[in-house]
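This report examines the predicted model shown below. Please consult the sequence and the coordinates alongside the text.

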Amino acid sequence: MSKYKTLTQAKESFSRSDYKNALEKFAAVLQNFPNSQEAYNGVILAEMALSGEGGAEALFDYYEVLKEEDKEQADIIMSEILKNMDGSLEKLREVFAEPLRDRIEFEDGILYQDFKTLVDEGGDFKEIFENIMFSTRVIITQKEDFIDFLDKLIEHGFAEMALTYLENALSVYPSDKLLRKLLKKLAQGKKVEN
C-alpha cells in the first residue's frame, strides 16, 4: 500500500464530498501506518462530515492550507483543534460566520437562510425572489440549501435560471443523485430548450 497515493485519494474523495470513501481510505492508511497524524485527522474530519457537521469541510480546507505552509505544524495544529472541539462545531461556525456576514454586507448579499426566513414568515417565494434578484445576491453556503433553492426555483417558474445553476453544478458534480433528480424534475415539468 502506498501511503502517499492512498492519502491523495482520500483527500480527493473528501473534496468531492464522498466522505464515506474518504473515511475508508484514511482508515486504511491509519491501519497500516498507525502513527500517521494526517490519516488520523482525516478519519475524524471524514466522520464529522458523514455525521452532518457543517464545519467539517471548512476545517478540511483550513488543514490543507496549513499543510502547504508547514506540514508537521499543520498536523499538530489540526490535532489540537480536533481534540478541543468536544464534538461540537458551534464555536467554529461562529468563527467562520462573522467574516462571511461582513462579506455579505459588503457585496450586497443575503444569506439563503435569511431569505428563507423571509419566505417562512409569510412571504411568497416568487415575489420576494423577484424583488431581490436584480439588486441583491442570494449567498448559499450549504449543499442542502442549494438543492432547496433549485427546487424552489423550479416550483415557482424560474426553470431557465434553475437549469443554468444545475448545468454548472453538474459540470462539477456529474454523478450527484440529488442534482440529477432535480434535472429530471425540471425536464418533466417543462420542456427547456438546449
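The sections below treat the nonpolar cores, the salt bridges, one helix pair and one arginine in turn.

## Nonpolar cores

In this predicted model, the largest nonpolar core comprises 23 residues, and Phe115, Phe125, Phe129, Leu153 and Leu179 have the most contacts inside it. Two or more residues of this core come from each of α7 (112–120), α8 (125–132), α9 (143–155), α10 (159–172) and α11. The greatest contribution is that of α10, which supplies six residues. Phenylalanine 115 illustrates the packing: beyond residues up to four places away in sequence, Phe115 touches Ile110, Phe125, Ile128, Phe129 and Ile132.

Another core, of 22 residues, lies apart from the largest one and has Ala10, Leu23, Val29 and Val43 among its members. In soluble globular proteins, nonpolar side chains tend to be buried together.

## Salt bridges

The structure contains 10 salt bridges. Side chains of opposite charge can pair when their charged atoms come close. One of the bridges joins the side chains of glutamate 24 and lysine 20, with an N to O distance of 3.0 Å. Both residues belong to helix α2 (residues 19–32) and are four residues apart, about one turn of the helix. Glutamate 24 has a relative accessible area of 45% and is therefore partly exposed, while lysine 20, at 54%, is exposed because the exposed class begins over 50%.

A second bridge, at 3.2 Å from N to O, connects the side chains of glutamate 38 and lysine 71. This pair links distant parts of the chain, since glutamate 38 lies in helix α3 (residues 37–50) and lysine 71 in helix α5 (residues 71–83), 33 residues apart. Glutamate 38 has a relative accessible area of 8% and so counts as buried, the cut-off being under 20%. Its partner, lysine 71, is partly exposed, with a value of 39%. A further bridge pairs lysine 185 with aspartate 151, whose closest N and O atoms are 2.4 Å apart. Here too the pair links distant parts of the chain, with lysine 185 in helix α11 and aspartate 151 in helix α9, 34 residues apart. Lysine 185 is partly exposed, at a relative accessible area of 33%. Through shared partners, salt bridges also unite Lys11, Glu38, Glu64, Lys67, Lys71 and Asp75 in one network.

## Packing of α3 and α5

The helices α3 and α5, which hold glutamate 38 and lysine 71 respectively, pack at an angle of about 40 degrees, with their axes 10 Å apart. The two helices are therefore oblique to each other, because angles under 35 degrees would count as roughly parallel and those of 65 to 115 as roughly perpendicular. The crossing of α3 past α5 is left-handed.

On the α3 side, the residues that meet α5 are Gln37, Glu38, Asn41, Ile44, Leu45 and Met48. Their counterparts in α5 are Lys71, Asp75, Met78, Ser79 and Leu82. Glu38, Lys71 and Asp75, which take part in this packing, are also among the members of the salt-bridge network.

## Arginine 180

Arginine 180 is located in helix α11 (residues 177–189). With a relative accessible area of 41%, arginine 180 is partly exposed. Neighbours within four places in sequence aside, the contacts of arginine 180 are Leu170, Pro174 and Ser175. Between arginine 180 and leucine 170, the C-alpha to C-alpha distance is 7.9 Å, at a separation of 10 residues in sequence.

Key
Residues numbered from 1 in each chain as written. Predicted model: local features only at pLDDT ≥ 70, side-chain atom pairs only at ≥ 80, totals over all residues. Heavy atoms only, no water. Buried < 20%, exposed > 50% of the residue type's maximum accessible area, 1.4 Å probe, protein only. Contact = heavy atoms within 4.5 Å. Core = buried A, V, L, I, M, F, W, Y, C linked by side-chain atoms within 4.5 Å. Salt bridge = Lys/Arg side-chain N within 4 Å of Asp/Glu carboxyl O. Axes fitted to C-alpha atoms, helices over the stretch in contact; angles between N-to-C directions. Parallel < 35°, antiparallel > 145°, perpendicular 65-115°, else oblique. Left-handed = near helix turned anticlockwise from the far one by under 90°.
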